[in-house]
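Work through the exercises below with the sequence and the 3D view open. Each task is followed by a solution in steps.

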Amino acid sequence: SQTLAIIKDWEVIDDPQVEVHTGGDSPHDMTLPGICEGYLLKRRKWPLKGWHKRYFVLEAGILRYSKHQHDVSRGRVQGSLDVSLAVMSINKKSNRIDLDAGDILYHMKVIAKSHELFYIWVTKLQAHRLFKKNEAAHVQSGFLQTLSVAGLAQRNGDLSVHETLSQERQKLQEVLETNNIHQSNTLAEVGFILRLNSSRGPPSVADSAAEYFDASDDVLCGSSSEVSDESGLSEGSTTNSEPEEGHGGYNSTGRRTTLPAPCPDNSHVGLMAILYNNIGKDLARVSMPAALNEPVNLLQRLCEELEYSELLDTANNTSDPYQRMVYIAAFAISGYSTATFRNRYKPFNPVLGETYECIREDRSFRIISEQVCHHPPISACHAESENFSFWQDQRWKNKFWGKSLEILPTGMVNVTLQRYGDHYEWNKVVTCIHNVLSQQRYLEHYGEVTIRNLKSNTCTCKITFVKSRYWGSDTNKNEVQGTVLDQSGSVIHRFGGLWHEGIFCDTLPTPKCVWKPNPQPKDDVLYYGFSTFAMELNELPPELKPLLPPTDSRLRPDQRLLEEGKVEESDRKKDDLEEFQRERRKELSKQGEEHVPRFFKKAKDSCGRDVWLTNETYWKLRENPGFANTENIILW
Ligand SMILES: CC(C)CCC[C@@H](C)[C@H]1CC[C@H]2[C@@H]3CC=C4C[C@@H](O)CC[C@]4(C)[C@H]3CC[C@]12C
């Protein structure tokens, strides 16, 4: 019976189905699946017993292994196998994968019993098997258009990957089903497309393996210019005032200082099963439990980027254009600082047509945002004050690396200053959710930002969000460096610091800390890691309620229920709401109509990119005749 049990725990993964397309516009699965590499345990060849650690690299359908990671780069390979020619069987219980190609036989096991890594390898192996099979088929059937196919695949990269993966997903789902990994029945949305990347890039699973196994092996750690507390960040003067102590739950601006209920514990929610069941799927359309959510949505998070709007006020009161740029840069960085505390929950995804307004008399700005597009999800916003305007449409692409997920924003951020007529425009950096599936999740930002003033080329600014050199290093975590350059490219100002601690500029007339994040409120971990500003975003004072359009996020019932700590009810409401949205979409498409955003219009920017700009109707309508007297869409 023991043998039986062993057999029972093993299952053979179906051979990948070759798809030979003859039609002109059918998608080809010729996109190269992402490289997958990392340490695995490999069973010794007979007659030796036991397992040893080997470094595996899966590339273009070929699995190679070496003793160490550095052997791979030196081309010292111990063995290789065309995965499409092998029978693949897996054992979920022991995290084992066998590849049997007759003469070559690999028995592999995931290090540290990591279930996640196991699934990643299975998924990637499937992708490569499929790819390799297809490649072979194309060659065999004398497809002489390989070149054009490759070109096509490149152009339609996303689509092909998507196709490949949905097939994979189907297969894997079967595997999962037979394996009894149940899909969480109340699935909710994550605002991103989960797909395995198809481009070359840093090793993904390698990172994870390192984490589990040999972090200290072969890790390069260059000398970094360290920014420590001695930089004066903690003592430096800052434009930000400390939040006032709340009295009876309200602060001096009359806003609440805490949420009605603490956040639910979501550590039990099995993310792996959810993500795994939705490989290649636009996760915006996948349901996930409300316990994963925080009671603000992405529209409100756009407003949150204005938490340090004082920097823009300061910029508008700074006559020197180079110094002005320093404040704009500090503002661009400040929006990233919440990331330290906000990695356990995800914002609600706004439904199409949802809106959000926020009036901050105390900061003298007001902002509106609207979900203007569903596929891909795009949230647009526009803020105005006597000092500045701020707008952006937020959208992004994702790269899933197995353990981490990269968010690659594509839209630009815009700020104009009233006094000088400057129009600043800048890109956003990559945000990476490390250990996305585990409780050790944390966020990192990296990449370059270039700030241009479209109205004058007197100066530009370059900011670098430095990528942490390796996972265990704290020494250069969250480092940012920047320079303000004049027309000829000479450095006029230099600044730097940490995006979670502050930015110091020593080239100003008096060297100083230009920005420092506000202290977190007391017990912030109990309240989703929210800042004081974030706590206020979803507050609904009774006098505001009748003035809001019914599409305003503050009126969204599921989010409100979550805020009140009623997680299950929120979950149910969310299901209803999502179902309602699907019906609305079906109805629209049946009538051959397309959703038209109400407060934003599509335009082209100076570079010909699509942008969403305010159509300047929101505040007018609000004033007269008031949203109670206009025709509104009903979203919930
Ligand atoms: C599965 C769940 C529980 C994990 C938590 C996911 C959280 C941390 C993710 C989901 C959506 C993400 C946001 C999506 C888009 C952007 C815009 C970008 O310019 C800055 C980062 C930011 C603001 C992301 C921060 C991290 C984020 C909030």
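A residue is called buried when its relative accessible area is under 20%, exposed when it is over 50%, and partly exposed in between. The model used here is predicted.

**Exercise 1. Describe the chain as a whole.**

Step 1. Count the secondary structure: the chain has 14 helices and 27 strands.

Step 2. Take the burial: 55% of the 636 residues of the chain count as buried.

Step 3. Take the surface: its accessible area is about 28700 Å², and carbon and sulfur atoms contribute 52% of that.

Step 4. Look at sequence separation among contacts. Of the contacts in the chain with a separation of 6 or more, 64% are between residues 24 or more positions apart.

**Exercise 2. Determine how strand S14 is covered and which strands pair with it.**

Step 1. Locate S14 at residues 388-394 and check each residue for burial; seven of the seven are buried, so the strand is largely enclosed by the rest of the structure.

Step 2. Split the strand into its two faces. One side carries Phe388, Phe390, Gln392 and Gln394, the other carries Ser389, Trp391 and Asp393, and both faces are covered.

Step 3. Find the pairing with S13. Strand S13 spans residues 378-385 and pairs with S14 in the antiparallel sense over six bridges. Ser379 has Gln394 as its bridge partner in S14, and Ala383 has Phe390. The connection from S13 to S14 is a hairpin through two residues.

Step 4. Find the pairing with S17. Strand S17, residues 413-417, runs antiparallel to S14 and is joined to it by five bridges. Within this pair, Ser389 stands opposite Thr416 of S17.

**Exercise 3. Continue from S14 back through S13 to S12.**

Step 1. Check burial in S13: seven of its eight residues are buried, so S13 is largely enclosed by the rest of the structure.

Step 2. Identify the pairing with S12. Strand S12 covers residues 365-373 and pairs antiparallel with S13 over eight bridges. Ile368 stands opposite His382 in S13.

Step 3. Follow the chain between them: a hairpin of four residues joins S12 to S13.

**Exercise 4. Decide whether Cys303 is in a disulfide or free of one, and give its burial.**

Step 1. Apply the cut-off: a disulfide requires two cysteine sulfur atoms within 2.5 Å.

Step 2. Count the pairs that pass; the structure holds zero disulfides. For Cys303, the nearest cysteine sulfur is that of Cys358, at 3.9 Å, and Cys303 is in no disulfide.

Step 3. Read the accessibility. Cys303 has a relative accessible area of 1%, so it is buried. Cys513, at 2% relative accessibility, counts as buried too.

**Exercise 5. Characterise the surroundings of the ligand.**

Step 1. List the neighbours: 18 residues surround the ligand, and the closest are Arg301, Pro347, Trp396, Lys428 and Thr431.

Step 2. Compute the cover. On its own the ligand has 610 Å² of accessible area, of which the protein covers 94%.

Step 3. Examine the polar atoms: a polar side-chain atom of Lys428 is 3.0 Å from an oxygen atom of the ligand.

**Exercise 6. Place Ser438 and find what its side chain reaches.**

Step 1. Locate the residue. Ser438 is in the loop between strand S19 (430-434) and strand S20 (442-453).

Step 2. Compare its accessibility with the cut-off: the relative accessible area of Ser438 is 15%, so the residue is buried.

Step 3. Follow the side chain, which reaches the backbone nitrogen of Gln440 at 3.1 Å.

**Exercise 7. Place Ile633 and find its partners away in sequence.**

Step 1. Locate the residue: Ile633 is in the segment after helix H14 (618-623).

Step 2. Classify it. The relative accessibility of Ile633 is 39%, so Ile633 counts as partly exposed.

Step 3. Leave aside neighbours within four places in sequence; Ile633 is then in contact with Gly353, Pro550, Thr551 and His595.

Step 4. Take one of these partners and compare the separations. Ile633 and Gly353 are 280 residues apart in sequence, while their C-alpha atoms are 7.8 Å apart in space.

Methods
Residues are numbered from 1 along each chain as its sequence is written. This is a predicted model: local features need pLDDT of at least 70, side-chain atom pairs count only at pLDDT 80 or more; totals for chains, interfaces and linings use all residues. Side-chain values use heavy atoms; hydrogens and water are left out. Buried means under 20% relative accessible area, exposed over 50%, partly exposed in between (1.4 Å probe, protein chains only). Two strands pair if DSSP finds at least two bridges between them. Contact means heavy atoms within 4.5 Å. Accessible areas come from the Shrake-Rupley method with a 1.4 Å probe; for residues, only the protein chains shown count as cover. A polar contact is a pair of N or O atoms within 3.5 Å; within protein, one must be able to donate a hydrogen and the other to accept it, and residues adjacent in sequence count only if both atoms are side-chain atoms. A residue is near a molecule or strand if one of its heavy atoms lies within 4 Å of it.
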